[in-house]
Amino acid sequence: METVYNCFDDATITGDEITEILAFLQSNESDNPCGTNELVHVDEKKRRRTISNRESAKRSRLKKKKRFEELTEEVNRLNQRNQELKNRIANVVSCGNFISSENNRLKTESVCLEIRLLELYRFLVAIQSPISTRVNYITTLEI
């Protein structure tokens, strides 16, 4: 029976498997005398990649922060422009209300002046007419 070694709690390995692993490791070392250099090279690449990823993430965060600041400035600028436009609208509405009020006043004045003109016209007609018409005009004024 072959000897079984407990490597971990849940894993066992036989003597033949250990021999195969050792042979494999020795063949790798004999094929490539710089086997440890490859591991160092892989670790160096991994370290560089990690550093590169950190720098990329930092650039990304800075870019995101800059974009956020630009958008915040744009929001402030647009809010200010919006307030200016609201003020202009309020002024236009105010002027429109004043003009409408003035227009109503002038219409009323126009009607009053037309009535006054009609009265003056009747007065002139009455003055130029015979006396009976004048008396009728005066009586209508008194009533």
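Let's start with Arg-47, which sits at 43% relative accessibility and so counts as partly exposed. That class covers everything between the buried limit, under 20%, and the exposed limit, over 50%. Keep in mind as I go that this is a predicted model.

Who does Arg-47 meet? The side chain on the other side is Glu-44, and the two form a salt bridge with N to O at 2.5 Å. Both residues belong to helix H2, and they are three residues apart, about one turn of the helix. Glu-44 is partly exposed too, with a relative accessible area of 26%.

Now stay on Glu-44 for a moment, please. Its side chain also meets Arg-48 in a salt bridge, this one at 3.4 Å, N to O. Glu-44 and Arg-48 are again both in helix H2, four residues apart, which is about one turn of the helix. Arg-48 has 46% relative accessibility, so this arginine is partly exposed as well.

Further along there is another pair for you to find on the screen. Glu-70 forms a salt bridge with Arg-67, and the closest N and O atoms are 3.8 Å apart. How far apart are Glu-70 and Arg-67 along helix H2? They are three residues apart, about one turn of the helix. Arg-67 is partly exposed, with a relative accessible area of 47%, and Glu-70 is partly exposed at 37%. Going back to the earlier residues, salt bridges that share partners join Glu-44, Arg-47 and Arg-48 into one network. As background for these contacts, side chains of opposite charge can pair when their charged atoms come close. The total count of salt bridges in this model comes to eight.

Let me step back to the whole chain. How many helices and strands does the protein chain have? The answer is three helices and two strands, and along the sequence the pattern reads β-β-α-α-α. There are 143 residues, and 3% of them count as buried. The chain exposes about 13,400 Å², with carbon and sulfur atoms supplying 58% of that area.

How confident is the predictor? The mean pLDDT of the chain is 83, and 76% of the residues reach 70 or more. Where is confidence lowest, and where is it highest? The low end is strand E1, residues 4–6, with a mean of 55. The high end is helix H2, residues 35–128, at 93, and helix H2 is also home to the Glu-44 and Arg-47 pair we began with.

Next, look at helix H1, residues 15–31, where you will find Ile-21. Together with Leu-22, Phe-24 and Leu-25, Ile-21 forms a nonpolar patch on the surface. The accessible area of these residues together is about 380 Å². Ile-21 itself counts as partly exposed, because its relative accessibility is 43%.

Last stop: the cysteines. A disulfide is a covalent bond between the sulfur atoms of two cysteines. How many disulfides does the structure hold? The count is zero. If you want cysteines to look at, Cys-95 is partly exposed at 47% relative accessibility, and Cys-112 is partly exposed at 46%.

So, to leave you with a picture of this predicted model: the chain follows β-β-α-α-α, helix H2 has the highest confidence, and Glu-44, Arg-47 and Arg-48 are linked into one network by salt bridges that share partners. Thanks, everyone, and I'm happy to turn the structure around for you.

Terms used. Residues are numbered from 1 along each chain as its sequence is written. This is a predicted model: local features need pLDDT of at least 70, side-chain atom pairs count only at pLDDT 80 or more; totals for chains, interfaces and linings use all residues. Side-chain values use heavy atoms; hydrogens and water are left out. Buried means under 20% relative accessible area, exposed over 50%, partly exposed in between (1.4 Å probe, protein chains only). Accessible areas come from the Shrake-Rupley method with a 1.4 Å probe; for residues, only the protein chains shown count as cover. pLDDT is the predictor's confidence in each residue, from 0 to 100. Patches are made of residues with over 30% relative accessible area and no salt bridge: like charges are joined within 9 Å, nonpolar side chains (Val, Leu, Ile, Met, Phe, Trp, Tyr) within 5 Å. A salt bridge is a side-chain nitrogen of Lys or Arg within 4 Å of a carboxyl oxygen of Asp or Glu. A disulfide is a pair of cysteine sulfur atoms within 2.5 Å.
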